[in-house]
Amino acid sequence: MMPSSYLWFIPLLPFAGFLINGTLGRKLPRAAVTAVALLCTAIPAALVAWLWSTMMAAGAPESIEIISRPWIAITGFHVDFAFTVDHLTLIMLGVVTGVGFLIHLYSAGYMAHEEGYWRFFAYLNLFMFFMSVLVLASSFLLLFVGWEGVGLASYLLIGFYFKKDSAANAGKKAFIVNRIGDFGFLLAMFLIVVHFGSLDFGHVFNAITVNPDWHGGVLTAIALLLVVGAAGKSAQIPLYVWLPDAMEGPTPVSALIHAATMVTAGIYMVARCHTLFDRSPYALGVVAIIGAATAIFAAGIGMVQHDIKRVLAYSTVSQLGYMFLACGVGAYTAGIFHLLTHAFFKALLFLAAGSVIHALSGEQDMRKMGGLWKKIPVTFWTMTMGVVAIAGIPPWAGFFSKDEILFRAFTSDNPLGKLLWAVGLITAGMTSFYMFRLWFKTFFGESRVEEAGHDAHHDDAHATHGVHESPWIMLLPLVVLAILSVIGGWVGVPAALGGHNEIEHFLAPVFETGATAEAATSVASHGLELTLAAVSVLTAALGFFVAFLFYFKKPGTASALAQRAPGLYRIVENKFYIDELYNVVLVTPLLMFTRLILAGVIDGGVVNGFGALSGATTRGLSGLTRRMQSGNIRSYAGWLAVGAAAVLIVMIFGRALWIH
Amino acid sequence: MTIDHSILTIITFVPLAGALLLAILPDKGKTMQWGALAITLLTFVCTLHLPAHYDYSAAAGSYQFDTDHSWISSPAIHYHLGVDGLSMWLIVLTGFLAPLGVLISWRAIDSRKKLFYILFLLQQVAMLGIFVSLDLFLYYAFWELSLVPMTLLIATFGRTENRRRAAIKYFLYAFIPSAILLVAILWLYVKTGTFDLPTLAGFAAANSISPNSAALWLASLAFLAAFAVKVPIFPLHGWLSDAISEAPTAAVMVLAGKLGLYSILRFSFGIFPQQSHRIAPLMIALGAIGIVYGALIALVQKDLKRLAAYGTLGHVSVVVLGIFTFTIAGLDGGIYQTLNEGIGGGALFMLLGLLYERYGTYDMREFGGLAAKLPWIVTLFVITTLSVVGLPILNGFVGEFLVFSGAMQASFAHHVMWTALATTGVILTAAYMLMMIQRVFYGSLGLKSSAVTAPDLDAREHLALWPVVAVMLAMGVASPYWMRAIDEAGTRIAQQHESIESTAPPAEATTSNVHAAEGGPR
């Protein structure tokens, strides 16, 4: 049995890596930077594996808790540095450290020629630190530490190419939009403090469990505010807008942070708080509707994007919608299951896309790809595994988890259950379509690759290489993830298909209430489950077929269709103009109001303008002195007296008004 | 008599002695800088005696390191100094920031150095005096003293033609309410025959200062108004952006926040607990509005220093919101945030000063793309920003979280609404801070940043900034070390007000009609 204090090293080693590379990295040789960064993620991954084996041993406790010193301690309220590992955390830790390590490995190849190599790895390690804290935290506040910290790492990494305005803008946007979510998260925590007196998970959830009569009311308020936070971090409507822009970051970052781990934090948080959400059907309903709406909306946009990373970004938003939907219908296990498989195949897809981009010396536009499958075979074959997995074709990983979600939605108590299922099903078809569209456009057909030297990139050292396969250090992670994308779903094969659904049993101690209900339904309806599975496989096949038709068989079909409804096409291609809408409705009016009313009238006029106004008057009246200061002394004095009197009046008489 | 009873005198008057020393030393070479650095470092070391020997087991509400001598027998003015959990860390903070202020002025102030450092040290005397005085008259003397060096610093060392105007504005804004404050102090003396704060607080608790509630109410407003201008509390911040925009970095670092906020906590709450309680809903509202107002105006500024000035307004408003909730979390967080404001704001102004030294402008539009040229400055800038926007594991978060969660626990009307409004500050603060970073450091090179080749931090500047960063991190992860003393003070104030709420005629929670009938003076 491992002494549990070793747990501290899971987050602290990456932090040490961040400190070393962050302070000394500039002067260290690249090999040393790489060694530090890789060691500081490999050891935690090994520790997690070890932890996993001890917790899976017979008779092992269902959760381990370690508490260190207090972080904040005042009379009547305190928060400790404390970690808890249960089976849910274990899965998350596995994803974070496992996929995290693979992506570190890949990055060593992908970023090899970049300026600021050390900076990249420092930030990446910083991310690993905060992400581990997030999943290990045993209180809302410590979770929030990780939550904000991964946001910071994301900000730094999106803006990695800070000389590019678009990258700097995207980083800023990500941080601010996430802050809108944090606003909700913070308010939720304040309410929790008021009503529970503690932010400790155990304390809060126990209080809810022992009071079975608590329903709705303030619990709904807390849950909904948490959803605001989750929607920010997990890029759900209406706060998803930052994620597509986040693709400005280097591709390994997109894979690690904006696909596999950070963006799933919202789903993790909702699942972690399932005790709370279970008491508020209203909040759960909101989660389900947001999830389904986001899934189909983002899939729609993803169908017409040309940038390979943007397609994957909208795909991520859409898949996160599925996970939200799962949580919203109370199928937390299914949500986490999809989180797991998605981490494999989406990380794979991004890394493979990165390999494609690498091969084409930075080209991301699919209209300038095509016919690549022979030239970069390893990338092609591994990416194919990912495409098939996300499209939902058995027995690849995505099929099992997505199907579980659809089945749970169909059989849920939610009055909209059938509708949610239908939306999910249509989204599945769309997913299959846009992924195979990507696949065909990238790897098949005529090569539309522009010759190097054609544009401004000709001074790029890469460009002279022509199309080339990536080095082994990048391909190895692809292969591992491709294998996981095939077999990763086998831990959740439902009984209806002759499996044992291990993941459900594994997570049962965490989601006790949900698991029993699920067990009840799944025995009763094997037939239904099989039917639904068949329907979704058919839908996926349909998606494939349409993509095949449009982009392989008759390549002109899509654009012909687009020309039939140019208005609609343009709207979708421009992402429904949501960014523009936010700007026009929110940002611009707020800034206008601030400039004109707050800064202009109130601050310039009322608060600051006493002097200027009366200064002019004084000058006009006396003409005694042209010097500013003497005129101003009097005017300031006078206006101050007036101001003080006004404040006094407000304080005395306003009070009576105030109380009402 | 041990050193414990004279340490406060030593702390307060070492800078004064130092100022005299500088006055007689010749202003040659770097004499002034080294002299001021030595004096401020000595003072800082002395202030560290306080936390090292602070007695946490002492009775709540007692003052430590106290010394009480009769100074003038009639009127009864005492030389009464003492420290409790409220003031201790503020004194240490004042000691901590001063050497950094000297280091950051090293090159920036190159003429009339003697005058500058003497004024700087006198300003420190005044601030330390304010924090240690327990006699109202003595306190007032320091309070007025704090005005003079600052006004002269702005008027003499301001960076543009507007410096005199800004200085006069600052002076009048602060002086007129202070004059009214003096009237109120004298009125208190007439009523009670004492300037002694603990005695007055005792009278206040027993409701025996004056039976005339209207007069008491006016006196409390005189106190509050004087402090509110100094903080400044919205909408009394008219002097702030001009003064900050003009004043040299070392002066800006101590310009806003702690003096006024401390005075409210110590004197307004101590002598006028009932009145403070009654006016709390208004102050909570002003705090919440100030947070959003300051952040929004910061968002549309082009001038880095004015941006930081309005940011400062937002940050001190957080403290105002917190302390007037009269909850333990709000008070503790508010006091903690007062320290944070000094540290985070100080670091920010130091960094802006460094940029000005290099590029000769505070106009954001002339910057851009500096990150690649000044890697250390950008690193420190980002860390400071994170502290200011309240990123967990840095100091700002602890204070801000406690303040807002305290506001949510408050028992005043509409507190949920004001908490929600105030919490939008976390979005807006991030918005203007990140916008500033982007404009200055990211993107392509700007006008000034391409025209001027400037070096990154030198050793002296590293020395001025890294201690601040270390404190930010330490206060972010090990807050109980500081909070222990603060919590004692915060809890005492909260409990006092809890008893007001339960004994005083109708608390805020009861119907408003009763309130209007019973409430404050007409």
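Which residues of α16(B) meet which residues of α21(B)? The first legend answers this. All views come from a predicted model.

**View 1. Helices α16 and α21 of chain B cross at roughly 35°.**
Helix α16(B) covers residues 375-388, and helix α21(B) covers residues 459-477. Two packed helices are described by the angle between their axes and the distance between the axes. Here the axes come within 11 Å. The crossing of α16(B) past α21(B) is left-handed. From α16(B), look for B:L380, B:I383 and B:S387. They meet B:L465, B:V469 and B:M472 of α21(B). Sorted by class, this contact has five nonpolar residues, one polar residue and no charged residues. An α-helix has 3.6 residues a turn, so residues three or four places apart point the same way.

**View 2. Helix α4 of chain A is mostly covered.**
This helix takes in residues 117-136 of chain A. Its 20 residues should span 28 Å, because each residue is counted as 1.5 Å. The end C-alpha atoms lie 29 Å apart, which agrees. Now check the surroundings: 20 of the 20 residues of α4(A) are buried.
For context, chain A has 27 helices and two strands. Of its 660 residues, 55% count as buried. Take the contacts in chain A between residues at least 6 apart in sequence: 79% of these join residues at least 24 apart.

**View 3. Helix α5 of chain B ends at a buried valine, B:V132.**
Helix α5(B) consists of residues 113-132 of chain B. At 1.5 Å a residue, its 20 residues should span 28 Å. The distance between its end C-alpha atoms is 29 Å, so the two values agree. The helix is largely enclosed by the rest of the structure, because 18 of its 20 residues are buried.
Is B:V132 buried or exposed? B:V132 has 28 C-beta neighbours inside 10 Å, so it counts as buried. Which residues does B:V132 touch, leaving aside its neighbours within four places in sequence? Its contacts are B:L8, B:T12, B:L81, B:V83, B:S87 and B:I91. B:L299 is 167 residues away from B:V132 along the chain, and their C-alpha atoms are separated by 37 Å.

**View 4. Two strands of chain A form an antiparallel pair.**
Strand β1(A) runs over residues 64-74, and strand β2(A) over residues 77-85. How many bridges pair them? The count is eight. One bridge partner of note: A:I64 is matched with A:V85 in β2(A). The hairpin has two residues between the strands. In this hairpin, A:G76 has a positive phi near 85°. In a regular strand the side chains alternate between the two faces of the sheet.

**View 5. Chain B has a hairpin of β1 and β2.**
Strand β1(B) covers residues 64-72. Strand β2(B) covers residues 77-83. The two run antiparallel, joined by six bridges. B:Q64 has B:V83 of β2(B) as its bridge partner. Four residues link β1(B) to β2(B) in the hairpin. Strand β2(B) is mostly covered, with five of its seven residues buried. B:V83 also appears among the contacts of B:V132 in View 3.

**View 6. Each chain shows a cis peptide bond before a proline.**
Most residues other than glycine have a negative phi, and most peptide bonds are trans. In chain A, the bond from A:I237 to A:P238 is cis, with omega near 5°. A:P238 sits in the loop between α8 (218-233) and α9 (242-245) of chain A. In chain B, a cis bond joins B:V231 and B:P232, and its omega is about -10°. B:P232 sits in the loop between α9 (213-230) and α10 (240-246) of chain B.

**View 7. A:S361 and B:N207 have positive phi values.**
A:S361 is not a glycine, yet its phi is about 55°. A:S361 belongs to the loop between α15 (332-359) and α16 (377-391) of chain A. It is partly exposed, because 18 other C-beta atoms lie within 10 Å.
B:N207 has a phi near 65°, and it too is a residue other than glycine. Where does B:N207 lie? B:N207 is in the loop between α8 (197-205) and α9 of chain B. B:N207 has 14 C-beta neighbours inside 10 Å, so it counts as partly exposed.

Terms used: Residues numbered from 1 in each chain as written. Chains lettered and ligands numbered in written order. Predicted model: local features only at pLDDT ≥ 70, side-chain atom pairs only at ≥ 80, totals over all residues. Expected span 1.5 Å × (residues − 1). Buried ≥ 20, exposed ≤ 12 C-beta atoms within 10 Å, placed from the backbone. Axes fitted to C-alpha atoms, helices over the stretch in contact; angles between N-to-C directions. Left-handed = near helix turned anticlockwise from the far one by under 90°. Contact = placed C-beta atoms within 7 Å. Nonpolar A, V, L, I, M, F, W, Y, C, P; charged D, E, K, R; others polar. Pairing = 2+ DSSP bridges.
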